[in-house]
Amino acid sequence: MQKTRLVSGVRPTGLLHLGHLEGMLKNTASLQDKYECFPFIADWHSLTDVTDTSNLPHYKLQAAIDWLSAGIDPDKSTLFIQSHVAEHAELSTLLTMVTPVSWLERCPTYKDKIQDINQREGPSAGLLEYPVLMTSDVIVYKAAVVPVGADNVAHLEISREIVRRFNHVYGDVFPEPQPLLTKTAELPGLDGRKMSKSYGNTIQLSDSPETTTKNLMQMVTDPGRVRRNDPGNPEVCPVFAYHKVYNPDEVPQIDRDCRSAAIGCVDCKRNLSEYLIAELTPFYEKRAQWASKPEEVREVLGDGANRARGVAQETMAEVREAMNLV
């Protein structure tokens, strides 16, 4: 009996970080036995707001290593690079024919990103059509589910609208992808803002344990706690958010000690570092193994692209038939 298909992708706009590991990579790996998973590296998507591609090959390889180190099994899942399966682009082009521009302009991602674009020409057409390509990524495999956090459910709704419009015009070709709510750890960046490659505030998965510890010791804490003997407020401290994920058993005690100034921020970070590194050690060990075999990683990606292409070609044959393009 064929498993339900699941699609999940990451953009290689830089090196992946701890937020990716906890928010997507580990979640997808945990679903491999239940779903037919298609994890991929979305290099076309990375071009929508980045024009310097000099490091893109390196970022793609490192992202593949991160997927594999997080537990993606090439025998269970189809790991590939988006641009190696041309059917994604073909389907995206056809979907633009049934997608109103107004739908794309109201996309939350588009609204957010155009605020940060200072180019004289304004946002690219690729950025505007980002949701169409995203929809293609999912439905070219007729995936029924997409793992998302609760705050990203709205981003999938436009894909469902595009599918409904296509099916209404050309017949029921695609299932409507459903959000698969996953538990996502809330991990702020080193500066307290959202962890993001664009902010440069990340804990990178390719860093050594020593570098991770060094970066962690530089993380901002409660801004209201100036001196060691000042009582703190753990709820506004980024370090405390990490304790909730990697050291949950001690959270009540850390909460009390912080509020009473029984523990200082430096000691609190050292305590967290021990638990974080212990939790990440299996990942570090697997990553070192995969990083030492780049050609084997490329073989995995090549095999994955061939398998993905076979599925995508079957879908596109149906699409062309439905649209009278044969």
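**Helix α13, a cavity and a pocket**

In this predicted model, five residues of α10, namely Pro209, Thr212, Thr213, Leu216 and Met217, meet Val266, Lys269, Arg270, Leu272, Ser273, Leu276, Ile277 and Tyr284 of α13. The residues of this contact divide into eight nonpolar, three polar and two charged. Helix α13 also helps to line the largest cavity, so let's look at the helix pair and then at the empty spaces.

**How α10 and α13 pack**
- Helix α10 spans residues 209-217 and helix α13 residues 265-291; their axes come within 10 Å and cross at roughly 150°.
- Angles over 145 degrees count as roughly antiparallel, and α10 and α13 are therefore roughly antiparallel to each other.
- The crossing of α10 past α13 is right-handed.

**The cavity**
- Searching the whole structure turns up one cavity of 30 Å³ or more, and the volume of the largest cavity is about 100 Å³.
- Its lining has 13 residues, with Arg225, Cys237, Cys258, Cys265 and Cys268 nearest the centre of the largest cavity.
- At least two lining residues come from each of α11, α12 (251-259) and α13.
- By type, the lining of the largest cavity holds nine nonpolar, two polar and two charged residues.

**The second largest pocket**
- This pocket offers about 230 Å³ of space.
- Among the residues lining the second largest pocket are Glu22, Lys26, Lys183, Glu186, Lys244, Tyr246 and Glu279.
- Helices α1 (18-30) and α11 (238-246) each give at least two residues to the lining of the second largest pocket.
- Here the lining divides into three nonpolar, two polar and six charged residues.

Conventions
Residues are numbered from 1 along each chain as its sequence is written. This is a predicted model: local features need pLDDT of at least 70, side-chain atom pairs count only at pLDDT 80 or more; totals for chains, interfaces and linings use all residues. Side-chain values use heavy atoms; hydrogens and water are left out. On a 1 Å grid over the protein atoms alone, a cavity is a set of points where a 1.4 Å probe fits but cannot get out, and a pocket is an open set with protein on both sides within 12 Å along at least five of seven lines; lining residues have an atom within 4 Å of a point. Grid points are joined across faces, edges and corners, and a volume is the space filled by probe spheres set on the points. Helices (H or I, at least four residues) and strands (E, at least two) are DSSP runs, numbered from the N terminus. Ala, Val, Leu, Ile, Met, Phe, Trp, Tyr, Cys and Pro count as nonpolar, Asp, Glu, Lys and Arg as charged, and the others, Gly among them, as polar. Axes are lines fitted to C-alpha atoms, for helices over the stretch in contact, and angles run from 0 to 180 degrees between N-to-C directions. Angles under 35 degrees count as roughly parallel, over 145 as roughly antiparallel, 65 to 115 as roughly perpendicular and the rest as oblique. A crossing is left-handed if the near helix is turned anticlockwise from the far one by less than a right angle, and right-handed if clockwise. Contact means heavy atoms within 4.5 Å.
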